[in-house]
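This report is meant for a reader who is meeting the structure for the first time. Please look over the sequence and the model below before reading on.

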Amino acid sequence: QVQLVESGGGLVQAGGSLRLSCAASGRTISRYAMGWFRQAPGKGREFVAPISWSGGDAYYGSSVKGRFTISRDNAKNTVFLQMNSLKPEDTAVYYCASDKVSQRRKVVTAPYGYDYWGQGTQVTVSS
């Protein structure tokens, strides 16, 4: 059984930083791209940042580019999201997800490309 468990969310003031972690079990994620998504109240799920299975390619949503950094430690089966210069509009539940396809050539940013999801961690940024 594959499980993804996010941690590191919380309440932070605007301009602050948080580091989210996503620990995987039941699947060796080193062969899979991983992604971070978020969903704010009343809005759809938005892609934040996916990273290729090798870690060599990463992409960022336009709203977070330059402020967030995705990384992975395949030895620890863990993916991270470093979030700096946080803004109130970053407030959302953040989810990590694992790609459906092993060693996919091109990173997918759409949620339908991912088959396993964590339960989410709340990030709240106060103004």
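In this predicted model, strand β8 offers a convenient starting point. Strands β8 and β9, the latter covering residues 114-117, pair in the antiparallel sense over three bridges, and within that pairing aspartate 99 stands opposite tyrosine 114 in β9. Strand β8, which runs over residues 92-102, also pairs with strand β4 (residues 32-39), again in the antiparallel sense and over seven bridges; here glycine 35 has alanine 97 of β8 standing opposite. A further partner of β8 is strand β10, residues 121-126, with which β8 forms three bridges in the antiparallel sense, and glutamine 122 in β10 is the bridge partner of valine 93.

**The open sheet**

Elsewhere in the model, an open sheet is built from four strands in the order β1-β3-β7-β6, and the pairing in this sheet is antiparallel. Its edge strands are β1, residues 3-7, and β6, residues 68-73, each of which pairs on one side only. On average, and with direction ignored, neighbouring strands of this sheet are turned by 15° against each other. Between β6 and β7 (residues 78-83) there are six bridges in the antiparallel sense, and arginine 72 has valine 79 in β7 as its bridge partner. As a general point, strands of a sheet pair through backbone hydrogen bonds, either parallel or antiparallel.

**Tryptophan 117 and its surroundings**

Is tryptophan 117, a residue of strand β9, buried or exposed? Tryptophan 117 counts as partly exposed, because its relative accessible area is 27%, a value that lies between the limits of 20% for buried and 50% for exposed. When neighbours within four places in sequence are left aside, tryptophan 117 is in contact with Leu4, Phe37, Arg45, Tyr95, Cys96, Ala97 and Pro111. In addition, a polar atom of the tryptophan 117 side chain lies 3.5 Å from the backbone oxygen of tyrosine 114. Asparagine 74, by comparison, is 43 residues apart from tryptophan 117 along the chain, and the C-alpha atoms of these two residues are separated by 18 Å.

**Arginine 38 and its network**

Arginine 38 has its place in strand β4, and this residue is buried because its relative accessible area is 5%, which is under the limit of 20%. Its side chain is joined to that of serine 63 by a polar contact of 3.1 Å. Leaving aside neighbours within four places in sequence, the residues in contact with arginine 38 include Gly44, Arg45, Glu46, Val48, Phe68, Glu89 and Asp90, as well as Ala92, Val93 and Tyr94. Arginine 38 also belongs to a network of salt bridges that links Arg38, Glu46, Arg67 and Asp90.

**Salt bridges**

How many salt bridges does the model contain? The count comes to five, and three of these pairs are listed in the table with the distance between their N and O atoms.

| Basic residue | Acidic residue | N to O distance |
|---|---|---|
| arginine 27 | aspartate 115 | 3.2 Å |
| arginine 67 | aspartate 90 | 2.7 Å |
| arginine 104 | aspartate 99 | 2.6 Å |

The side chains of arginine 27 and aspartate 115 meet in a salt bridge, and this pair links distant parts of the chain, with arginine 27 in the loop between β3 (18-25) and β4 and aspartate 115 in strand β9, 88 residues apart. Arginine 27 is buried, with a relative accessible area of 14%, whereas aspartate 115 is partly exposed at 31%.

Arginine 67 forms a salt bridge with aspartate 90, and this pair, too, links distant parts of the chain: arginine 67 is in the loop between β5 (46-51) and β6, while aspartate 90 is in the loop between β7 and β8, 23 residues apart. Both arginine 67 and aspartate 90 are buried.

The salt bridge between arginine 104 and aspartate 99 returns the reader to strand β9, since aspartate 99 is the residue that stands opposite tyrosine 114 there. Aspartate 99 counts as buried because its relative accessibility is 0%, whereas arginine 104 is partly exposed, with a relative accessible area of 25%.

Key: Residues are numbered from 1 along each chain as its sequence is written. This is a predicted model: local features need pLDDT of at least 70, side-chain atom pairs count only at pLDDT 80 or more; totals for chains, interfaces and linings use all residues. Side-chain values use heavy atoms; hydrogens and water are left out. Two strands pair if DSSP finds at least two bridges between them. Helices (H or I, at least four residues) and strands (E, at least two) are DSSP runs, numbered from the N terminus. Buried means under 20% relative accessible area, exposed over 50%, partly exposed in between (1.4 Å probe, protein chains only). Contact means heavy atoms within 4.5 Å. A polar contact is a pair of N or O atoms within 3.5 Å; within protein, one must be able to donate a hydrogen and the other to accept it, and residues adjacent in sequence count only if both atoms are side-chain atoms. Axes are lines fitted to C-alpha atoms, for helices over the stretch in contact, and angles run from 0 to 180 degrees between N-to-C directions. A salt bridge is a side-chain nitrogen of Lys or Arg within 4 Å of a carboxyl oxygen of Asp or Glu.
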